[in-house]
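These are my notebook entries on a single protein chain. I set down what I looked up, one topic at a time.

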Amino acid sequence: MVSYCESFCYLFATLGVCQSLDMSHLNGDGMPTVLPKFISRGNLYKVTTGDTVTLPCRVQNLGTFVLLWRRGSSVLTAGPLMITRDNRFKLVDTYDLQITGVRTQDAGDYICQIGDQETRDQVHTLEILVPPTVRAVPQNGLVTARKGSTVTLECKASGNPVPSIYWYKRDPLAGSTHLSDSSTLVLDRVERQHAGVYQCAADNGVREPVSADVQLTVLCKYHATYLSYFVTSSPVHSMPTRAT
């Protein structure tokens with residue numbers, strides 16, 4: 001197993017501070033007797049937020065060379081030594097890099113590097129999949145429109161990949177009716193029968209679809225008829241005088 005000293009030595013060697021002191025992997029000409037080579041392959045990994053991913057780095061004939069994991073210019077591991085302070089990262093099965101509880105900011109390229117003169121790399125690309133979320137606009141999901149007007153119902157969704165949005169009209173008797181595949185639903189010349197609950201569903205293939213409800217109220221004009229009552233008065237006739 002590579003010592004901690006050798007692990008740090010490789011890091012310092014990149015800065016020109018020191019070189020590996022172990023020359024057992026070199027022949028008389030100063031060249032490695034057996035060159036290390038990757039037996040794993042770089043790959044694209046699509047992982048959902050919160051899940052765990054393991055990035056393989058399998059090398060044959062590693063000898064005393066140091067294996068390095070880095071992301072961009074940040075060194076994550078050197079040999080068996082963890083450099084990163086993020087405890088979600090750890091080495092498993094010798095040199096495979098495991099990340100638990102993946103986050104959106106973990107997306108990018110992860111490089112497994114052999115610390116030899118050729119500086120050979122194996123690159124894994126991590127894409128983070130984010131389940132869909134959706135919300136109605138406005139957030140309370142209440143929309144009011146006048147009869148005969150045009151009203152636009154809207155939902156906003158997010159996730160990776162970008163979710164598709166589907167609109168349905170909910171009916172307790174007939175069930176849901178599919179209306180549109182768009183972030184907005186435009187209703188022209190609304191009538192009383194347009195009132196009700198509309199549902200927008202968001203789906204991007206990551207876990208289960210989600211939905212939000214929009215309650216549409218249609219205001220109708222009622223014309224009240226006011227009746228005028230005309231009261232006419234007749235002259236008061238004097239009652240006949242009763243004869244005595």
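**Entry 1. Surroundings of Asp203**

I looked up the contacts of Asp203, leaving aside residues up to four places away in sequence, and found Pro132, Pro163, Ser164, Tyr166 and Pro209. The model I am reading is a predicted one. Asp203 is part of strand β17. For one of these contacts I also took the backbone distance: the C-alpha atoms of Asp203 and Pro163 are 5.0 Å apart, although 40 residues separate the two along the chain. Is Asp203 buried or exposed? I found neither, because its relative accessibility of 28% places Asp203 in the partly exposed class. The cut-offs behind this are under 20% for buried and over 50% for exposed.

**Entry 2. Disulfides**

I then searched the whole structure for disulfides and obtained two. Counting the bonded cysteines along the protein chain, I noted the pattern 1-2, 3-4. A disulfide is a covalent bond between the sulfur atoms of two cysteines.

I took the pair of Cys155 and Cys200 next, since the strand that holds Asp203 is β17. Their sulfur atoms lie 1.8 Å apart. Cys155 belongs to strand β13 (residues 151-160) and Cys200 to strand β17 (residues 196-203), so this disulfide ties together parts that are 45 residues apart in sequence. I recorded a torsion of about -70° about the S-S bond of Cys155 and Cys200, and the disulfide is therefore left-handed. Both cysteines, Cys155 and Cys200, are buried.

The other pair I recorded is Cys57 with Cys112, whose sulfur atoms are 1.7 Å apart. I located Cys57 in the loop between β3 and β4 (59-60), and Cys112 in strand β10 (residues 108-114); the pair links distant parts of the chain, 55 residues apart. The torsion about the S-S bond of Cys57 and Cys112 is about -65°, so I entered this disulfide as left-handed. Cys57 and Cys112 are each buried.

**Entry 3. An open sheet of three strands**

Which strands form the open sheet, and in what order? I read the order as β3-β9-β8, with antiparallel pairing. β3 (53-55) and β8 (89-92) each have a single partner strand and stand at the edges, so one side of each is left without a neighbour in the sheet. Ignoring direction, I found neighbouring strands of this sheet turned by 30° against each other on average. I looked further into the pairing of β8 with strand β9 (residues 96-99): the two run antiparallel and are joined by four bridges. Opposite Lys90 I found Gln98, which belongs to β9.

**Entry 4. Two hairpins**

I followed the chain through β5, β6 and β7. Strand β5 (residues 67-71) and strand β6 (residues 74-78) run antiparallel, with four bridges between them. Leu68 has Ala78 of β6 opposite. The hairpin of β5 and β6 has two residues between the strands, and I noted there that Gly72 takes a positive phi near 65°.

β6 is also joined to strand β7 (residues 81-82), by two bridges and again in antiparallel fashion. On this side I found Leu81 of β7 as the bridge partner of Ala78. The hairpin of β6 and β7 likewise has two residues between the strands, and Gly79 takes a positive phi near 60° in it.

**Entry 5. The chain as a whole**

How many helices and strands does the protein chain have? I counted one helix and 18 strands. Of the 244 residues in the protein chain, 35% are buried. I computed an accessible surface of about 15,700 Å² for the protein chain, with 51% of it belonging to carbon and sulfur atoms. I also sorted the contacts between residues at least 6 apart in sequence, and 61% of them join residues at least 24 apart.

**Entry 6. Confidence**

Finally I checked the pLDDT, which averages 82 over the protein chain, with 76% of the residues scoring at least 70. Residues 14-25 fall below 50, and I found 15 contacts for this stretch in the model beyond near neighbours in sequence. Residues 223-244 are also below 50, and for this stretch I found zero contacts beyond near neighbours in sequence. Where pLDDT is low, the predicted coordinates should not be read in detail.

Note on methods: Residues are numbered from 1 along each chain as its sequence is written. This is a predicted model: local features need pLDDT of at least 70, side-chain atom pairs count only at pLDDT 80 or more; totals for chains, interfaces and linings use all residues. Side-chain values use heavy atoms; hydrogens and water are left out. Two strands pair if DSSP finds at least two bridges between them. Axes are lines fitted to C-alpha atoms, for helices over the stretch in contact, and angles run from 0 to 180 degrees between N-to-C directions. pLDDT is the predictor's confidence in each residue, from 0 to 100. Contact means heavy atoms within 4.5 Å. A disulfide is a pair of cysteine sulfur atoms within 2.5 Å. Buried means under 20% relative accessible area, exposed over 50%, partly exposed in between (1.4 Å probe, protein chains only). Accessible areas come from the Shrake-Rupley method with a 1.4 Å probe; for residues, only the protein chains shown count as cover.
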